[in-house]
Amino acid sequence: MDKYFELTNGVKIPNIGLGTWRMPESEQCEDMVLTAIDCGYRHIDTAYYYNNEKSVGQAIRKSGIHRNDLFITSKLWNDYHGYQSTLDMFDETLESLGTDYLDLYLIHWPNPLKFRDCWAESNAETWRAFEKLYRDGRIRAIGVSNFLPYHMDELLKTAEIAPMVNQIELNPGLNRTEEREYNDKYGILTEAWAPFRVGEILNDETVTRVAEKHGKSPAQAVLRWCLQMGVVPLPKSKTPERILENISVYDFELDEEDMAALNNVTPHPLRHHPDNIPF
């Protein structure tokens with residue numbers, strides 16, 4: 001399997017990324033990103049809300065890897081929807097990361113508490129700013145996060161450029177079939193945050209059985225499942241051994257029986273429904 005997927009605009013995205021959620025500014029965060037880059041990761045996912053853009057940027061500079069060889073994603077936080085505030089916050093993100101462009105920028109949530117009475121209109125204005133930044137060459141690709149199909153329908157009513165990515169919570173037991181099919185219909189790449197369900201899925205009997213069949217870890221089985229569905233997983237680990245393990249998934253393949261088994265893990269609900277988030 002190739003280590004890249006291709007977005008609708010031709011941009012190639014490394015198909016496994018390092019997640020940095022719950023890893024705030026710290027030397028530990030910097031070390032985690034540096035370790036990942038040393039292990040071969042070229043896709044780093046951060047967000048304004050994670051409060052770690054400065055640490056991520058410092059690690060990138062220390063890595064010695066040319067900026068053009070890395071794929072860096074960040075996200076606009078909920079309080080800053082709207083045209084001008086989006087432009088302002090984008091500049092702040094670039095300054096924190098110490099870069100003059102992003103590879104991918106996402107609207108973090110579609111229906112924030114602050115804009116609950118006008119979420120569709122605020123998303124439209126936010127997206128208008130995203131399109132400007134994209135046309136100005138300051139972002140190589142633009143997308144959204146946690147959007148359900150009806151959120152996307154509203155956005156597409158006014159969008160001149162369709163989102164290229166939708167990053168959603170996705171893991172065995174939370175297959176997000178409806179969202180993946182919708183994304184596929186419009187050429188939108190699906191990314192998976194929390195692919196391990198914050199570690200809970202790694203003890204699932206079905207996951208461990210599939211992993212043992214291939215002589216792999218449960219984490220590797222889950223990540224391979226994502227890749228074979230055409231989904232970009234964003235695993236996170238602080239442990240060097242696990243960081244390396246999570247990117248070492250290109251030397252085996254799940255068969256139809258394995259995929260069916262993982263597709264039928266006991267369902268569980270969304271961690272946060274985007275219309276009910278308290279932030």
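The following paragraphs lead through the aromatic pairs, the charges over rings, one helix, and the open and closed spaces of this structure. The model is a predicted one.

The aromatic residues offer a convenient starting point. A pair of aromatic rings is described by the distance of the centres and the angle of the planes. In this structure the count comes to 10 aromatic pairs. One of them joins W21 and W193, whose ring centres lie 5.7 Å apart with the planes at 75°. Planes over 60 degrees apart count as edge-to-face, so the pair of W21 and W193 is edge-to-face. W21 belongs to the loop between β3 (18–19) and α1 (27–39), whereas W193 belongs to strand β9 (residues 189–193); the pair therefore ties together parts that are 172 residues apart in sequence. The two partners also have their own degrees of accessibility. W21, with a relative accessible area of 26%, is partly exposed, while W193, with a relative accessible area of 11%, is buried.

A further pair is formed by Y182 and Y186. Their ring centres are 4.9 Å apart and their planes stand at 40°, so this pair is tilted. Y182 has a relative accessibility of 12% and therefore counts as buried; Y186, at 36%, counts as partly exposed. Elsewhere, ring pairs join Y49, W77, W109 and F279 into a cluster.

Aromatic rings also meet charged side chains. The charged end of R67 sits over the ring of Y101, at 4.1 Å from the ring centre. In a second case, R224 lies over the face of F252, 5.9 Å from the centre of that ring. Y101 can in turn be related to Y134, a residue of helix α4 (residues 119–135). Y134 and Y101 are 33 residues apart along the chain, and their C-alpha atoms are separated by 9.9 Å. With a relative accessibility of 21%, Y134 counts as partly exposed.

Helix α7 (residues 205–213) shows how burial can be arranged around a helix axis. Its buried residues are T206, V207, V210 and A211. Viewed down the axis of α7, these buried residues fall within an arc of 130°, and so they line one face of the helix. E205 and E212, on the other side of α7, are exposed.

The spaces within the structure remain to be described. The largest pocket holds about 630 Å³ of space. Its lining comprises 32 residues, of which W21, R22, A194, V198 and K236 lie nearest the centre of the pocket. W21 thus appears both here and in the edge-to-face pair with W193. Helix α9 (residues 240–247) contributes the largest share of this lining, namely three residues. By class, the pocket lining has 15 nonpolar, 10 polar and seven charged residues.

Closed spaces were searched for as well. Across the whole structure, one cavity of 30 Å³ or more is found. The largest cavity has a volume of about 40 Å³. Its lining consists of W109, N146, E169, R176, W193, L270, H272 and P274; by class, these are four nonpolar, two polar and two charged residues. Two of the names have been met before: W109 is part of the cluster with Y49, W77 and F279, and W193 is the buried partner of W21.

Definitions and conventions:
Residues numbered from 1 in each chain as written. Predicted model: local features only at pLDDT ≥ 70, side-chain atom pairs only at ≥ 80, totals over all residues. Heavy atoms only, no water. 1 Å grid on protein atoms, 1.4 Å probe; cavity = no way out; pocket = protein on both sides within 12 Å on 5 of 7 lines; lining within 4 Å. Points joined across faces, edges and corners; volume = space filled by probe spheres on them. Nonpolar A, V, L, I, M, F, W, Y, C, P; charged D, E, K, R; others polar. Phe/Tyr/Trp six-rings, centres within 6.5 Å; stacked < 30°, edge-to-face > 60°. Helix = DSSP H or I, 4+ residues; strand = E, 2+ residues; numbered from the N terminus. Buried < 20%, exposed > 50% of the residue type's maximum accessible area, 1.4 Å probe, protein only. Lys NZ or Arg CZ within 6 Å of the ring centre and 35° of its normal. Arc of directions from axis to C-beta.
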